[in-house]
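Below is a short briefing on the pockets and nonpolar cores of one structure, written for reading beside the sequence and the model.

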Amino acid sequence: MEDTFKHQALRKNLVQELKQKGIKSIAVLQAIDKVPRHLFMDSSFLKFAYQDNAFQIGEGQTISQPFTVAYQSELLNIRKGDTVLEIGTGSGYQSAVLSALGAKVFSIERHKKLSDTAKVMLEKLGCTVKCFYGDGYKGLPAFAPFDRVIVTAAAPYIPQDLLKQLKTGGILVIPEGEGKTQIMKRIKKVAENEYKTEEFGNFSFVPMLKSTDWDNKNI
Ligand code: SAH
């Protein structure tokens with residue numbers, strides 16, 4: 001659980017790199033500077049923790065690339081105290097960044113092991129994140145509506161339940177598409193049943209699976 005000067009210096013370099021790549025939000029850059037990404041990775045990957053790359057975190061899943069985490073966080077435009085639903089806890093790193101931005105995060109993960117591991121680390125770091133094991137397509141109706149929803153896996157389509165669980169004025173950020181790359185979309189709920197969609201570049205995510213997919217594979 002160490003965060004040494006070396007780690008902190010590497011993080012400052014990463015922040016500069018993300019700035020050069022186009023991240024503008026000071027709040028997001030500060031959050032990246034604050035969260036010890038290496039604690040969300042396997043010890044054998046520690047020396048790569050502050051490179052701008054995705055890495056394996058077990059169960060065939062990855063911790064998102066820092067640029068992608070920063071980009072999605074910037075699109076979400078978090079205000080302190082916002083409630084945020086995240087689909088795909090994975091390592092917990094994106095949740096920790098949202099917490100550092102002042103959000104109250106509710107994060108769902110379909111892999112029990114990943115969910116449990118992320119929960120322990122997020123608690124140790126004092127992050128305002130509640131972890132749930134379950135199917136992200138369904139969202140969390142019991143805690144809805146949310147100010148923001150972020151999907152961190154490739155969605156084949158926009159899940160209606162997630163739109164329903166947004167507050168009016170709320171924002172959903174979601175990579176949509178089934179192939180190798182997805183289009184990053186930002187969907188604003190402008191009124192009940194009225195949405196405004198913007199598109200932002202191509203990204204590459206692991207698939208958002210349906211519960212039927214994992215029932216069949218017995219995961
Ligand atoms: N936000 C993560 C990125 C994890 S990759 C991080 O910062 O590390 C995407 C995650 O979405 C994977 O862990 C995968 O298991 C999970 N996932 C895929 N389909 C899902 C679903 N239907 N419900 C919940 N989680 C899902």
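In this predicted model, the lining of the largest pocket divides into 18 nonpolar residues, 14 polar and four charged, where Ala, Val, Leu, Ile, Met, Phe, Trp, Tyr, Cys and Pro count as nonpolar, Asp, Glu, Lys and Arg as charged, and the others, Gly among them, as polar. Local features need pLDDT of at least 70 and side-chain atom pairs count only at pLDDT 80 or more, while totals for chains, interfaces and linings use all residues. Residues are numbered from 1 along each chain as its sequence is written, and side-chain values use heavy atoms, with hydrogens and water left out.

**Pockets**
- A pocket is an open set of points on a 1 Å grid over the protein atoms alone, where a 1.4 Å probe fits, with protein on both sides within 12 Å along at least five of seven lines, and its lining residues have an atom within 4 Å of a point.
- Among the 36 residues lining the largest pocket, Thr-62, Gly-88, Thr-152, Ala-153 and Val-206 lie nearest its centre.
- The second largest pocket has 14 lining residues, and Phe-40, Asp-42, Ile-57, Leu-114 and Thr-117 are the closest to its centre.
- By class, that second lining holds seven nonpolar, four polar and three charged residues.

**Nonpolar cores**
- In the largest nonpolar core (buried Ala, Val, Leu, Ile, Met, Phe, Trp, Tyr and Cys residues joined through side-chain atoms within 4.5 Å; buried means under 20% relative accessible area with a 1.4 Å probe, protein chains only), which has 47 residues, Ile-32 and Leu-98 touch the most other members.
- Apart from this core lies another, of 20 residues, including Leu-85 and Leu-172.

How values were computed. Buried < 20%, exposed > 50% of the residue type's maximum accessible area, 1.4 Å probe, protein only.
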